[in-house]
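Colleague: Could you walk me through this structure, one step at a time? I am new to this, so please explain the terms as we go.

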Amino acid sequence: MGVRPDARVAVLGGCGFVGRALVRELHGRGYRLRLVTRRPDRHRDLLVLPRLELWEGDVHDEGFLREVASGTQAFVNLVGILKEDAPGDFVRVHEELPARMARAGRGLRLLQVSAAGADVRSESAYLRSKARGEACLRALAPTAIVVRPSVIYGPGDHFVSRFRKLLPWAPWGLPVPLAESLIAPVHVDDVAYGIAMALARTAAAGENYGFCGPQALPLGDVVAAIATLCGCARPRGLSARMSLLLARLLEHVPGTPFSVDQWHTLKAGSVCTAGAPDLSDLGVAPRPLQEALEALVRGWA
Ligand SMILES: NC(=O)c1ccc[n+]([C@@H]2O[C@H](COP(=O)([O-])OP(=O)(O)OC[C@H]3O[C@@H](n4cnc5c(N)ncnc54)[C@H](OP(=O)(O)O)[C@@H]3O)[C@@H](O)[C@H]2O)c1
């Protein structure tokens, strides 16, 4: 059964970038929301929404997840990391958490946000762990919905904003690793709309949706479009070998701006599988990149 708009939906990772867009979308449709965060003090601004609860707790504690699930009709998992702070983080966050959600949320509508390119045979530990998480969830909850987004952009993102900050520092042209890798950037509001539609639609049960923008483009072209919009020099593509060398260096820099595993993730590309269910099957027409990018870079959105 699809989730009715007066239902309560629990969202893990709901205070993050995608989470906030999803909150706007679901709250606007009339849902009651229960968001789980490790740091509620940082997200008090969300409490202005009348049908929203902010719960502090550890999503890795199954007993706590059972409490979170009580009185809800759906469970959405947006918790994800791009890199490990400690060995085993990918397993804990991407593989064990979806299984925990499935056990704690037995009988609820479950929705897991994975990633385009997730593959158990990938050389990227990030993409392997995302694929294993999908499998763990499916084994326990065959009717769970999985969505696999490509790179997500929009206000407050980790993608356009990063290049916008870096580009002015390279007046001779920012070096872009693996510039030929294909990505299909999708706007965060289209992702949120797609998730809301998937929750509401009975027929979405057990489906695996690719969430991609309308165009698959080389990363270098997308960065070049951002550079043009902010009046910066055209970026320069780095070869795969040079990019790998850079990753080997940067993964030892505090904050790990780029790691070898991220190099593998980028090399795999981030596009949707042709013929697989996608946003259009949920009635969503993803917006063209150029227009949305213009609004974002010029600060109109
Ligand atoms: N952004 C993209 O381009 C993109 C592309 C493909 C897939 N995805 C997937 O989409 C989902 C949402 O992405 P996002 O961009 O919104 O990420 P985000 O802004 O980093 O938010 C993720 C949330 O997960 C929680 N979290 C992170 N590490 C955690 C940990 N170790 N234990 C418990 N909670 C943890 C954090 O919640 P608190 O700090 O509030 O506790 C954070 O707000 C993720 O699964 C991501 O892999 C994103």
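Here are some questions and answers about the sheet and the helices.

Modeller: Before we start, this is a predicted model, where local features need pLDDT of at least 70, side-chain atom pairs count only at pLDDT 80 or more, and totals for chains, interfaces and linings use all residues. Residues are numbered from 1 along each chain as its sequence is written.

Colleague: Which strands stand at the edges of the open sheet of seven strands?

Modeller: Strands are DSSP runs of E with at least two residues, and helices are runs of H or I with at least four, numbered from the N terminus. Two strands pair if DSSP finds at least two bridges between them. The open sheet has seven strands in the order β3-β2-β1-β4-β5-β6-β11, with parallel pairing. Each edge strand has a single partner, so one side of each is left without a neighbour in the sheet, and these strands are β3 (52-56) and β11 (208-211).

Colleague: How many bridges join β5 and β6?

Modeller: β5 covers residues 109-113 and β6 covers residues 145-149. V113 stands opposite V147 in β6. The two strands pair in the parallel sense, and the number of bridges is three.

Colleague: What span should helix α1 have, at 1.5 Å a residue?

Modeller: The expected span is 1.5 Å times one less than the number of residues. Helix α1 (residues 17-28) has 12 residues, and its end C-alpha atoms are 17 Å apart, which agrees with the expected 16 Å.

Colleague: Is L22 buried or exposed?

Modeller: L22 lies in helix α1. A residue is buried if 20 or more other C-beta atoms, placed from the backbone, lie within 10 Å of its own, exposed if 12 or fewer, and partly exposed in between. L22 has 31 C-beta neighbours inside 10 Å, so it counts as buried.

Colleague: Where in the sequence is A192 relative to L22, and how far apart are they in space?

Modeller: Contact means that C-beta atoms, placed from the backbone, lie within 7 Å. Leaving aside neighbours within four places in sequence, L22 is in contact with V11, G14, A192 and I195. L22 and A192 are 170 residues apart in sequence, yet their C-alpha atoms are separated by 4.6 Å.

Colleague: At roughly what angle do the axes of α7 and α10 cross?

Modeller: Axes are lines fitted to C-alpha atoms, for helices over the stretch in contact, and angles run from 0 to 180 degrees between N-to-C directions. The axes of α7 (residues 219-229) and α10 (residues 289-297) come within 10 Å, and the crossing angle is roughly 45°.

How values were computed: Contact = placed C-beta atoms within 7 Å.
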